[in-house]
Amino acid sequence: MAVALQDPVDTDVAVRLTGLHKVFGQGRRAVTALDGIDLSVGPGEFVCLVGASGCGKTTLLNLIAGLETPSSGRIELTTSRPAVMFQEHALMPWLTVNRNIELPLRLAGVGRAERQARVAELLRLVKLEGTGGKRPHELSGGMRQRVSLARSLASAVHGAADGKQALLLMDEPFSALDAITRDLLQSELLRVWRATGTAVVFVTHDVREAVRLGQRVVLLSSRPGRVVDQWDVEGLGGADELTAVDTISAKLREVISSHAAA
Ligand SMILES: Nc1ncnc2c1ncn2[C@@H]1O[C@H](COP(=O)(O)OP(=O)(O)OP(=O)(O)O)[C@@H](O)[C@H]1O
Ligand SMILES: [Mg+2]
């Protein structure tokens with residue numbers, strides 16, 4: 001059953017999704033990807049979305065980003081245009097690392113000196129100093145994903161600088177990385193999030209990652225996606241964190257197996 005959040009006051013919300021439905025295709029071929037999503041994200045809130053493969057997580061992010069249109073339901077944003085970090089890195093192969101990172105700033109009309117300063121800072125942040133002149137094919141997969149992170153941060157932070165709240169949508173950004181790099185980037189992301197007050201919607205199928213990063217974890221059911229449960233996981237540590245991971249993993253397994261049995 002869908003769990004609707006308490007209705008927040010308008011100014012108190014970065015994203016509000018109401019009765020969101022998404023159907024792909026028509027007639028017998030129609031696939032209902034999302035079946036009535038009610039979800040709000042507060043300003044500066046870090047929300048993690050978990051759910052089985054194919055439950056509609058990417059679709060949900062694409063709808064919030066405006067890359068897809070909903071079949072019905074409402075999407076309200078009080079933020080600047082969302083920055084997106086996709087499941088695959090989506091870098092421009094013909095541009096250098098520097099050029100890729102500065103692209104959102106260039107499109108927003110930020111001057112050259114400021115762009116260079118920002119890019120240098122972001123490269124340091126994702127531990128890629130010295131690679132600014134390379135092209136994506138010269139980098140490892142993990143390095144490309146870090147460039148992609150830097151680019152989405154450039155875009156998100158710029159949005160915030162414009163006076164509006166920033167919103168960062170991240171689709172399994174660290175899933176292809178080795179454990180050490182992933183750990184490092186998770187910490188960096190949290191640091192940047194705290195420093196900028198950007199609202200984040202972060203999709204992952206890794207419950208441990210969701211509990212570590214998020215203030216709230218939202219579980220979607222298997223296709224069609226609905227919000228089945230959510231947990232406040234802010235500031236958990238030690239045994240409490242492990243318990244939360246166990247509880248959410250158990251519920252996720254339940255959702256996956258009930259789908260498989262259907
Ligand atoms: N453009 C499209 N046309 C038709 N069907 C689509 C399209 N995009 C997604 N779907 C279908 O919608 C459902 C949800 O897909 P989506 O990519 O949102 O899942 P997901 O939760 O992100 O999965 P994963 O964890 O594997 O990335 C799937 O059944 C998928 O096949
Ligand atoms: Mg996906």
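Me: Which helices each supply at least two residues of the lining of the second largest pocket?
Reply: In this predicted model, they are α3 (112-125), α4 and α5 (179-196). The residues that line this pocket are R118, E121, L122, L125, L153, A154, V157, R191, V192, A195 and T196.

Me: What makes R118 a lining residue of the second largest pocket?
Reply: A lining residue has an atom within 4 Å of a point of the pocket. R118 is listed in the lining of the second largest pocket, so R118 meets that cut-off. The volume of this pocket is about 220 Å³.

Me: How does the lining of the second largest pocket divide by class?
Reply: There are seven nonpolar residues, one polar and three charged. Arg and Glu count as charged and Thr as polar, so R118, E121 and R191 belong to the charged class and T196 to the polar one.

Me: How much space lies in the largest pocket, and which residues lie nearest its centre?
Reply: The space is about 600 Å³. The lining of the largest pocket has 22 residues, and R81, P82, A83, P104 and S155 lie nearest the centre.

Me: Which element gives the most to the lining of the largest pocket?
Reply: That is α4, with six residues. At least two residues each come from β5 (83-85), α2 (97-107) and α4 (141-161). By class, this lining has 14 nonpolar, five polar and three charged residues.

Me: How do you know that C48 is in no disulfide?
Reply: A disulfide needs two cysteine sulfur atoms within 2.5 Å. For C48 the nearest cysteine sulfur is that of C55, 14 Å away, so the pair does not meet the cut-off. Likewise, C55 is in no disulfide, with the sulfur of C48 as its nearest at 14 Å. The structure holds zero disulfides.

Me: Why is C48 called buried?
Reply: Buried means under 20% relative accessible area. C48 has 0% relative accessibility, so C48 counts as buried. C55 also has a relative accessible area of 0% and is therefore buried.

Me: Why are β8 and β9 called paired strands?
Reply: Pairing requires at least two bridges between two strands. β8 (residues 216-220) and β9 (residues 227-232) have five bridges, so they pair, and they do so in the antiparallel sense. At one position, V218 has Q230 in β9 as its bridge partner. The two strands are joined by a hairpin through six residues.

Me: What makes β3 and β7 a pair, and in which sense do they run?
Reply: Four bridges join β3 (residues 46-50) to β7 (residues 199-203), so the requirement of at least two is met. These strands run parallel. L49 has V203 in β7 as its bridge partner.

Me: What makes β5 and β9 edge strands?
Reply: Each of them pairs on one side only. They belong to an open sheet of six strands with mixed pairing, in the order β5-β6-β7-β3-β8-β9. On average, neighbouring strands here are turned by 15 degrees against each other, direction ignored.

Me: Why do β2 and β4 stand at the edges of the sheet of three strands?
Reply: The order of this open sheet is β2-β1-β4, with antiparallel pairing. β2 (31-41) and β4 (72-77) each have a single partner strand, so one side of each is left without a neighbour in the sheet. From one strand to the next, the twist averages 20 degrees.

Me: How many bridges pair β1 with β2?
Reply: β1 (residues 15-24) and β2 pair over eight bridges, in the antiparallel sense. The bridge partner of V23 is T32 in β2.

Methods:
Residues numbered from 1 in each chain as written. Chains lettered and ligands numbered in written order. Predicted model: local features only at pLDDT ≥ 70, side-chain atom pairs only at ≥ 80, totals over all residues. Heavy atoms only, no water. 1 Å grid on protein atoms, 1.4 Å probe; cavity = no way out; pocket = protein on both sides within 12 Å on 5 of 7 lines; lining within 4 Å. Points joined across faces, edges and corners; volume = space filled by probe spheres on them. Buried < 20%, exposed > 50% of the residue type's maximum accessible area, 1.4 Å probe, protein only. Axes fitted to C-alpha atoms, helices over the stretch in contact; angles between N-to-C directions.
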